[in-house]
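Good morning, everyone, and thank you for making time for this. Please have the sequence and the picture open while I talk, and follow along as I go from one place to the next.

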Amino acid sequence: MSVNHVHRQFANAPDKVDITGAQMVLVMKLTGFCWNVYDGRLKYEELADFQKVRALPKLPGLLDFAGYVLFFPSLFAGPSFDFIDYRRWIETTMFEIPPGTDPKSAPRTRKQRKIPRSGTPATLKAITGLIWIFLFLKFSAWYNTAFVLGDSYMQYSFARRIWILEMLGFSTRMKYYGVWCLTEGACILSGLGYRGFDPKTGSVQWNRLENVNPWGIETAQNSRAYLENWNKNTNNWLRNYMYLRVTPKGKKPGFRASLATFITSAFWHGFYPGYYLSFLLAAFLQTVAKNFRRHVRPFFLTPDGQRPTQFKIYYDILSFVVTQSAFCFTTAPFVLLTLPSSLLVWSRVYFYAVLGTAASMAFFASPAKPWLIKRLNARNSKKLQELHAPLKESPTEHPLMGLPSDPGRELDDAVKEIKEEVGARRKRGASVNISTEQDMKRAVEDKLGKI
């Protein structure tokens with residue numbers, strides 16, 4: 001896959017057939033399958049819950065394996081899924097009625113077929129996908145890379161240039177919306193998209209393999225909502241088979257897990273410089289968004305944090321505008337691909353997202369952050385202070401698309417891990433020169449700066 005990524009990058013021939021998309025799906029399937037086989041050889045009590053469900057104590061036959069790897073509806077563009085889902089689909093155990101459920105509430109099937117009727121939801125997905133593709137063909141003729149790289153782009157005002165950048169990203173996303181809706185519809189038609197049914201209403205859920213939520217992306221008010229609705233199955237793959245796998249048993253995921261996940265995600269996407277510009281800036285955007293959500297958003301909620309105040313609507317509107325404008329800037333290199341083109345377009349909108357991110361990080365690194373915490377604590381009662389616990393460390397969040405959720409904390413984790421390693425080596429009698437935590441942190445920052 002990496003070889004073909006490099007070949008595609010240097011050939012620079014958009015008119016040629018690109019097979020890297022299919023290879024990216026195969027990499028997800030094959031690595032997941034290998035981990036499932038590995039889990040099947042461990043003791044059951046040693047496995048986490050998600051491992052227990054997916055573990056394969058016995059290797060499948062060649063025909064089953066080939067059918068899983070080459071499953072045609074998702075072969076070229078995804079979605080990816082685990083072998084256990086394929087096996088349950090083949091054996092039709094996926095469609096069994098849960099114990100204690102009234103058989104009369106089960107979804108209708110055709111004759112002796114166990115798979116519920118899937119023609120209507122599959123057709124709706126196909127129509128939705130075709131609409132997205134039609135819109136992509138229309139909008140991409142108006143908003144494309146040649147437009148933002150041309151001289152005519154600079155004839156518009158600054159606000160209009162940002163709007164054009166937003167429409168460039170939207171036009172590009174529509175292509176993926178269309179393709180993923182079509183492939184998901186094909187999986188639904190086969191029955192693999194079945195996720196169960198509601199015993200009370202009898203409505204069937206067909207979103208097992210949903211890969212994207214366009215509404216969730218286009219209305220996202222923060223970076224996490226934006227990223228978790230995009231390429232969902234890749235997020236699951238990175239979490240289950242990279243982020244959690246490189247973490248030693250009994251420990252929380254730290255810097256090593258985030259770094260390994262980031263590198264895997266970056267290499268998996270390819271080697272265009274634009275990818276790495278987007279990844280790097282998006283990582284810091286997540287940190288800024290988390291700080292605003294943790295230290296500013298509570299002021300627009302009631303002290304118990306359960307209900308919005310009358311000013312919450314203004315916060316929501318502003319956060320929506322900022323999130324969308326920040327990400328249209330951040331994802332532009334993902335479309336432009338090359339370093340010169342990416343920097344040129346960024347410079348044409350005055351690097352506004354880079355400057356805004358830097359200013360926000362400086363703000364929360366200043367005395368302003370303790371002041372916000374003090375004001376919030378003063379507003380709330382003692383009991384609600386314990387509930388919100390603004391000074392406590394937030395729960396560990398797995399990276400989305402391989403991006404570290406908090407680069408600053410990841411750096412601190414790196415220093416801590418290096419310090420522990422240095423201590424362990426000294427106990428073994430090895431000579432280590434780095435002596436203080438500040439020296440180690442400075443060394444890590446220097447290395448990151450060179451990268």
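Let me begin with the salt bridges, of which nine are counted in this structure, and let me say at once that what we are looking at is a predicted model. For anyone new to the idea, side chains of opposite charge can pair when their charged atoms come close.

Take Asp18 and Arg8, whose side chains meet in a salt bridge with a distance of 3.5 Å from N to O. This pair links distant parts of the chain, with Asp18 in the loop between helix H1 (2–11) and helix H2 (20–40) and Arg8 in helix H1, ten residues apart. Asp18 has a relative accessible area of 40%, so it is described as partly exposed, and Arg8, at 27%, is partly exposed as well.

A second example is the salt bridge of Asp82 with Arg54, in which the closest N and O atoms are 2.8 Å apart. Here again distant parts of the chain are linked, since Asp82 sits in the loop between helix H4 (62–69) and helix H5 (83–90), while Arg54 belongs to helix H3 (residues 49–54), 28 residues apart. Are these two partners buried or exposed, or something in between? Asp82 has a relative accessible area of 12%, and because buried means under 20%, Asp82 counts as buried. Arg54, with 21% relative accessibility, is on the other side of that cut-off and is therefore partly exposed.

The third example is Glu218 with Arg173, a salt bridge whose closest N and O atoms are 2.9 Å apart. Glu218 lies in helix H9 (residues 214–218) and Arg173 in helix H8 (residues 158–190), so that this pair, 45 residues apart, also links distant parts of the chain. Both Glu218 and Arg173 are buried. Which residues make up the network that Glu218 belongs to? Salt bridges with shared partners join Glu166, Arg173 and Glu218 into one network.

Let me now turn to helix packing. Two packed helices are described by the angle between their axes and the distance between the axes. For helix H14 and helix H17 (residues 352–365), the angle is about 120° and the axes are 9 Å apart. With that angle, H14 is oblique to H17, and the crossing of these two helices is left-handed.

While we are at H14, please look at Val321, which has its place in this helix, residues 312–330. Val321 is partly exposed, at a relative accessible area of 46%, and it is one of the residues of a nonpolar patch on the surface. The patch is formed by Phe311, Ile313, Tyr314, Ile317, Phe320 and Val321, and together they have about 600 Å² of accessible area.

Next come two pairs of residues for which I would like you to compare the separation along the chain with the separation in space. His269, found in helix H12 (residues 255–269), is 248 residues away from Gly21 in sequence, and yet their C-alpha atoms are 9.2 Å apart. His269 is buried, with a relative accessible area of 10%. The other pair is Ala332 and Leu277, which are 55 residues apart along the chain and have their C-alpha atoms separated by 9.4 Å. Ala332 is placed in helix H15 (residues 332–336), and at 4% relative accessibility it counts as buried.

I will finish with some details of the backbone. Where is the cis peptide bond that involves Pro79? That bond runs from Gly78 to Pro79, with omega near 5°, and Pro79 lies in the loop between H4 and H5, where we have already met Asp82.

Then there are Asn12 and Leu337, each of which has a positive phi although neither is a glycine. For Asn12 the value of phi is about 50°, and this residue is found in the loop between H1 and H2, the loop that also holds Asp18. For Leu337 the value is about 75°, and its place is in the loop between H15 and helix H16 (339–348). As for their surroundings, Asn12 is exposed, with a relative accessible area of 57%, whereas Leu337 is buried, with a relative accessible area of 18%.

Conventions: Residues numbered from 1 in each chain as written. Predicted model: local features only at pLDDT ≥ 70, side-chain atom pairs only at ≥ 80, totals over all residues. Heavy atoms only, no water. Patch = residues over 30% accessible without salt bridge, like charges linked within 9 Å, V, L, I, M, F, W, Y side chains within 5 Å. Areas by Shrake-Rupley, 256 points an atom, 1.4 Å probe, with all protein chains shown as cover. Salt bridge = Lys/Arg side-chain N within 4 Å of Asp/Glu carboxyl O. Helix = DSSP H or I, 4+ residues; strand = E, 2+ residues; numbered from the N terminus. Buried < 20%, exposed > 50% of the residue type's maximum accessible area, 1.4 Å probe, protein only. Axes fitted to C-alpha atoms, helices over the stretch in contact; angles between N-to-C directions. Parallel < 35°, antiparallel > 145°, perpendicular 65-115°, else oblique. Left-handed = near helix turned anticlockwise from the far one by under 90°.
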